[in-house]
Amino acid sequence: MNNIVLPAPVRTGGMPIMDAFSKRATQRNYDPTKEIDLQTLSNLLWSAWGFNRADRRTAPTSHNRQEVDLYVSLRSGTYLYDAAANTLVMINGDDLRMASAMQDYVADAPVNLIIVSDTTKIIGKTPQGVTEAIYANAGFISENIYMFCAAFGLGSVTRALVPKEELAKKMNLRSSQVITLVHTVGYTLD
Ligand SMILES: Cc1cc2nc3c(=O)[nH]c(=O)nc-3n(C[C@H](O)[C@H](O)[C@H](O)COP(=O)(O)O)c2cc1C
């Protein structure tokens with residue numbers, strides 16, 4: 001198994017936030033010839049779900065449960081983002097990008113971020129409360145991804161249209177882990 005040690009994320013700079021809001025949009029026309037370099041991937045992952053304080057993240061979670069595992073699906077395999085170690089821990093060497101897709105455009109994008117929640121980490125809620133929490137929490141991460149992409153000239157789309165059961169099997173997820181959203185990222189043809 002080949003883990004990927006990411007370069008330290010650059011935590012400053014970028015576009016003024018109002019300009020980034022002006023550019024935030026869903027894109028579905030990816031350039032299949034353009035990869036995302038590791039520095040940009042590191043910055044993207046940190047923006048999505050990194051630690052911006054000793055033990056807290058760039059995205060909020062209900063009761064600070066931090067129940068999300070962020071998986072990264074690349075051509076070279078499927079990885080778990082270890083934010084503390086700034087490392088992609090290889091889960092398997094399979095290219096599962098299209099295994100998360102029900103739409104053809106996904107094939108052209110180099111990166112899919114699979115947002116997964118471990119429901120055992122959410123305590124004291126009804127089943128409906130658990131569902132509400134995990135989807136709300138995933139939404140914040142997804143918006144972080146949209147905003148990073150808007151600011152740094154990447155295209156992205158959040159996707160609920162995902163064959164979740166089949167993908168969970170291919171990722172060997174535990175039964176307590178729920179795939180909420182998959183966020184596709186890449187450079188666009190425009
Ligand atoms: C919860 C959610 C699920 C979505 N699922 C998909 C999807 O499966 N496939 C897709 O192409 N777009 C998906 N989208 C993107 C929406 O179609 C898109 O955000 C909407 O058309 C508005 O466009 P905009 O993001 O450019 O403002 C989803 C968006 C959200 C918020």
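This report walks through the sheet, the core, one helix and the ligand surroundings of a predicted model.

## Before you start

Residue numbers begin at 1 in each chain and follow the sequence as written. Since this is a predicted model, local features need pLDDT of at least 70 and side-chain atom pairs count only at pLDDT 80 or more, while totals for chains, interfaces and linings use all residues.

Helices and strands here are DSSP runs, numbered from the N terminus: H or I with at least four residues for a helix, E with at least two for a strand. Two strands pair if DSSP finds at least two bridges between them.

## The sheet

Let's start with the strands. There are 7 of them in an open sheet, in the order 1-4-3-2-5-7-6, with antiparallel pairing. Strand 1 (4-5) and strand 6 (155-159) sit at the edges with a single partner strand each, so one side of each has no neighbour in the sheet. Strand 1 pairs with strand 4 (residues 87-92) in the antiparallel sense over 2 bridges, and V5 has T87 in strand 4 as its bridge partner.

Moving inward, strand 3 and strand 4 run antiparallel and are joined by 5 bridges, with T78 opposite N92 in strand 4. Their hairpin has 4 residues between the strands, and N86 in that hairpin takes a positive phi near 50°. Strand 2 and strand 3 make a hairpin too, with 2 residues between them. They run antiparallel over 4 bridges; L74 has G77 in strand 3 as its bridge partner, and V72 has Y79. Strand 2 is also joined to strand 5 by 6 bridges, again antiparallel, and V68 stands opposite S117 in strand 5.

How enclosed is strand 2 by the rest of the structure? Largely, because 5 of its 7 residues are buried (20 or more other C-beta atoms within 10 Å of a residue's own; 12 or fewer is exposed, in between is partly exposed, and C-beta atoms are placed from the backbone).

## The nonpolar core

A nonpolar core is a set of buried Ala, Val, Leu, Ile, Met, Phe, Trp, Tyr and Cys residues joined through C-beta atoms within 7 Å. The largest one has 45 residues, and L70, L113, I115 and I145 touch the most other members. Among the elements that each supply at least two residues of this core are helix 2 (38-49), strand 2 (68-74) and strand 7 (177-186). Helix 3 gives the largest share, 11 residues.

Take I145: beyond its neighbours within four places in sequence, I145 is in contact (C-beta atoms, placed from the backbone, within 7 Å) with L44, A48, L113, S156, H183 and V185.

## Helix 3

Helix 3 has 25 residues and reaches 37 Å from its first C-alpha to its last, close to the 36 Å expected at 1.5 Å a residue (1.5 Å times one less than the number of residues). Just after helix 3, G153 takes a positive phi of about 75°.

F140 lies in helix 3. Is F140 buried or partly exposed? Partly exposed, because F140 has 17 C-beta neighbours inside 10 Å. Leaving aside neighbours within four places in sequence, F140 is in contact with A59 and P60. F140 and T58 are 82 residues apart in sequence, yet 9.1 Å apart in space, C-alpha to C-alpha.

## Around the ligand

Which residues surround the ligand? They are A25, T26, R28, Q103, V157, T158, R159, A160 and L161, where near means a C-beta atom, placed from the backbone, within 6 Å. This shell divides into 4 nonpolar, 3 polar and 2 charged residues (Ala, Val, Leu, Ile, Met, Phe, Trp, Tyr, Cys and Pro count as nonpolar, Asp, Glu, Lys and Arg as charged, and the others, Gly among them, as polar).

Conventions: Two residues are in contact if their C-beta atoms, placed from the backbone, lie within 7 Å.
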